[in-house]
Amino acid sequence: MMPGRSTIWPDRGAAPVAALLGATLTLVIFGLGIVPPWRTGWMLSGVPGPDPVQYWLGWAFFRDDAWRLPPGLSPRFGMELGSSIFFSDSIPLLAFLFKALRPALAVDQYWGMWLLLCGALQGLFGALALRRLGLDALGQVMGAGLLVLQPMLLNRMGGHFALAGQWLLLAGLWMHLAPSTARRPWGWVLLAGAAALIHSYLLPMVLALWLADALRRRAWVEAPLVLGAALAALWAAGFLSLRTGHGGAGYGAMQLDLLAPFDGGYWSGFLPVLPGPGHPEVGASYLGLGGLLLLPFLLRAPWRRFSAPLALVLLLMLGFAVTHRPSVAGVQATLFPLPPALVELAGALRASERFFWPIAYALLLLSMAGLARWLGPRRSGLALAVLLAVQAVDLRPGIARLGSFFPSTEATLPLRLSDPFWAEAARKAHAIRAVPAANQGPFWEEVAVLAARHGLATDAAYLARADAAVAAQIAEAVLDRLRRGEPEPGVIYVLRDEVALEAARAGMAASLRRVDGVWVIPPAP
C-alpha cells in the first residue's frame, strides 16, 4: 500500500472527516448549549471566570456603536481609558464580520460557534499536515483527533476563547511542509492577517513560522506583504490606539516548567501531579498519555521534512517560553539578568509558557510520522486510533473539570443590578462611571453589563491592556469633581471604595443613595 492511501476512505476525504471529528469532540466536551448565538447566559454566569464576560461586553459595545476609524475603535467601553475590540479579546475577525452583517443578522454571541470552528480547523489542518508526512487516511484522522484532544488547546477553550485558534499554528506547519507554489505568499498573508485579528499571542508565533519558511525559500520579496498584512490588521482592530501600557514586569514569572509536558495535574487519570512554579498557566502544557506514548517514535521521525530555519525558530520560541528563569519541578533559578527595558518589552507577552505550543505541535506531528515509518501506514493508523482512545480516557478528569465550567443556564440571565432605580436612572443618563476609574476594578462586571443593556457608555471595563497612568488621571479628576459637587450632567456615579465615598460625602452628600449594595449618585440634569 502506498503512503497516503487507505482502503477505508479516499485519502483526500480524510481532511473533512478529521474536521468533523474535531467539531464532534468539541461538542461532546462543551455541549450544544454554547452554540446558539442568542444564548448568552453561559458566558455571563461567571462560572467560567470573568474573561467571557469581558469578551461579550467588548462585542456588545462594539456592535451597538457606529463604525469609526480605525474600524476597531470602541470608546464607549472604557471611555477615556481607551478601548478597541482588540483589547477586549473579542476576536476582531468575527466582530468585524458580524457587525457588518448586523442589519440582516443579529448575533448576541459568537464564541460557541468559534469554539466549534476551532475544533474543526484543528482537525482539518492536523490531517493536512499529517498527509504531507506520509500518513494514510485513517492515520490522518486519528492523529488529528489527538491534536484536538490536547490540554493546551482544551484549556484555552475553557475560558481564553481566542487562544483556541491554535489551528493557525498547524496551518503554518502544514504550509511549511507543502510544496512551494506561486500562491504561497498569499497563504502567509492570509494567515498573518487572521492571526492579528484573533489574538496577539498567536501573531508572533505565526510570523516566526512564516520567517522560517521564507528563510528556507529565500523569499525576501514577500516580507512587505506578510508584515504589511499583519500591521494593517492590527491597525484596523485598534491595537495601535494604545500608546503605552503594552509591556510590564511579568516576563519570567509565567515560564514553562521543564517537566510541564509530563505533569498530569488536574488533567490526567493516570499520571501524578508534579511540582510546578505555581503561576496561572501551570497545567496547560501536559501532552496527555497518548501524546507522551508517541514521543519515542521521534527516533524514527523524518526530521529533514522540517528545515533548519524552522528548527531554529521553534527552539527560539521554546527558549522564550522557558525564559531566563528556568523552572524544573517548581525549582527556579535565574541564569542571567535581563535589562529592565528588555523585561518591559517581553512583558507584553509575559504568559510565555504559551510559546511552547509551536514546538509541541511540531514534535507531535513528527512522532506520528515516525510511528508511520516504523509500523507502516495501515498499522500506524490503527495504532493512532488506540492512542486516541488512551488520550481520551486519560483526560477524563480534566474534561469533566472543563464541563463544570459550562453548566446548563438560561438563555439570558437577569441583571445583577436589578433594582428599578437603575432603569429609571439609565433613562436620564448617557454614561456610568465607576469611581475611582481602574481597569477591572470592583463592580466592573455588574456596572458594565448594566451599561451595555441600557446603551450607556462606561469606564467600568476589563481590558487586556490599559494605560495605568491615564486611569490614575481619570480617577483623580472625577474624585475632584465629586469633592466640589460638580458632577457631569447625565452621568451615574458608582462608588467603589471609601476614598470615593468620602469625596462624594464632601460635595454631594444629599445625592448619595445605596442601591443593590453599592453607593451611587443619580445622574444630574
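**Helix packing, core and salt bridges in a predicted model**

Q: Which residues of H10 are buried?
A: In this predicted model, helix H10 spans residues 202–217. Twelve positions might be listed in any order, but in sequence order the buried residues of H10 are Leu202, Leu203, Met205, Val206, Leu207, Ala208, Leu209, Trp210, Ala212, Asp213, Ala214 and Arg217.

Q: Is H10 mostly covered or mostly uncovered, and how many of its residues are buried?
A: A residue is counted as buried when its relative accessible area is under 20%. By that cut-off H10 is mostly covered, the number of buried residues being 12 of 16.

Q: Which helices do the buried residues of H10 pack against?
A: The buried residues of H10 include Leu203, Leu207 and Trp210. The buried part of H10 packs against helices H8 (167–177), H9 (184–196), H11 (223–237), H13 (308–322) and H15 (357–375).

Q: What distance does H10 reach from its first C-alpha to its last?
A: H10 has 16 residues, and at 1.5 Å a residue a span of 22 Å is expected. The model comes close to that value, with a reach of 23 Å.

Q: Which residue follows H10, and what is its phi?
A: H10 covers residues 202–217. The residue that follows is arginine 218, and its phi is positive, near 55°.

Q: Which helix gives the most residues to the largest nonpolar core?
A: The largest nonpolar core has 185 residues, of which Leu57, Trp114 and Trp422 touch the most other members. With 12 residues, the helix that gives the most to this core is H15.

Q: Leaving aside neighbours within four places in sequence, which residues are in contact with leucine 57?
A: Leucine 57 is one of the core residues that touch the most other members. Once neighbours within four places in sequence are left aside, its contacts are Phe77, Trp444, Ala448, Val449 and Ala452.

Q: How many residues apart in sequence are the parts tied together by arginine 63 and aspartate 108?
A: The side chains of arginine 63 and aspartate 108 form a salt bridge at 3.4 Å, N to O. Arginine 63 belongs to helix H3 (residues 51–64), whereas aspartate 108 sits in the loop between H4 (92–100) and H5 (111–132), so the pair ties together parts whose separation in sequence is 45 residues.

Q: Is arginine 63 buried or exposed, and what is its relative accessible area?
A: Arginine 63 also meets aspartate 64 in a salt bridge of 3.1 Å, N to O. Aspartate 64 is partly exposed at 42%, and aspartate 108 is partly exposed at 32%. Arginine 63, by its relative accessible area, is buried, at 13%.

Q: Which two residues form the salt bridge that ties the loop between H17 and H18 to helix H19?
A: The loop lies between H17 (396–404) and H18 (420–427), and H19 covers residues 444–454. The loop partner is partly exposed, with a relative accessible area of 45%, while the H19 partner is buried at 15%. Their side chains meet at 3.2 Å, N to O, and the two residues are arginine 416 and glutamate 445.

Q: Which residues are joined into one network by salt bridges that share partners?
A: The whole structure holds 21 salt bridges. Those that share partners join into one network the residues Arg184, Asp213, Arg216, Arg217 and Glu222.

Q: Over residues 12–35, how far apart are the end C-alpha atoms?
A: The unreviewed UniProt entry lists residues 12–35 among its transmembrane regions. Over these residues the chain is 71% helix and 0% strand, and the end C-alpha atoms are apart by 29 Å.

Note on methods:
Residues are numbered from 1 along each chain as its sequence is written. This is a predicted model: local features need pLDDT of at least 70, side-chain atom pairs count only at pLDDT 80 or more; totals for chains, interfaces and linings use all residues. Side-chain values use heavy atoms; hydrogens and water are left out. Helices (H or I, at least four residues) and strands (E, at least two) are DSSP runs, numbered from the N terminus. The expected span of a helix is 1.5 Å times one less than its number of residues. Buried means under 20% relative accessible area, exposed over 50%, partly exposed in between (1.4 Å probe, protein chains only). Contact means heavy atoms within 4.5 Å. A nonpolar core is a set of buried Ala, Val, Leu, Ile, Met, Phe, Trp, Tyr and Cys residues joined through side-chain atoms within 4.5 Å. A salt bridge is a side-chain nitrogen of Lys or Arg within 4 Å of a carboxyl oxygen of Asp or Glu. UniProt positions are given in the numbering used here, feature names are shortened, and annotations may be inferred rather than shown by experiment.
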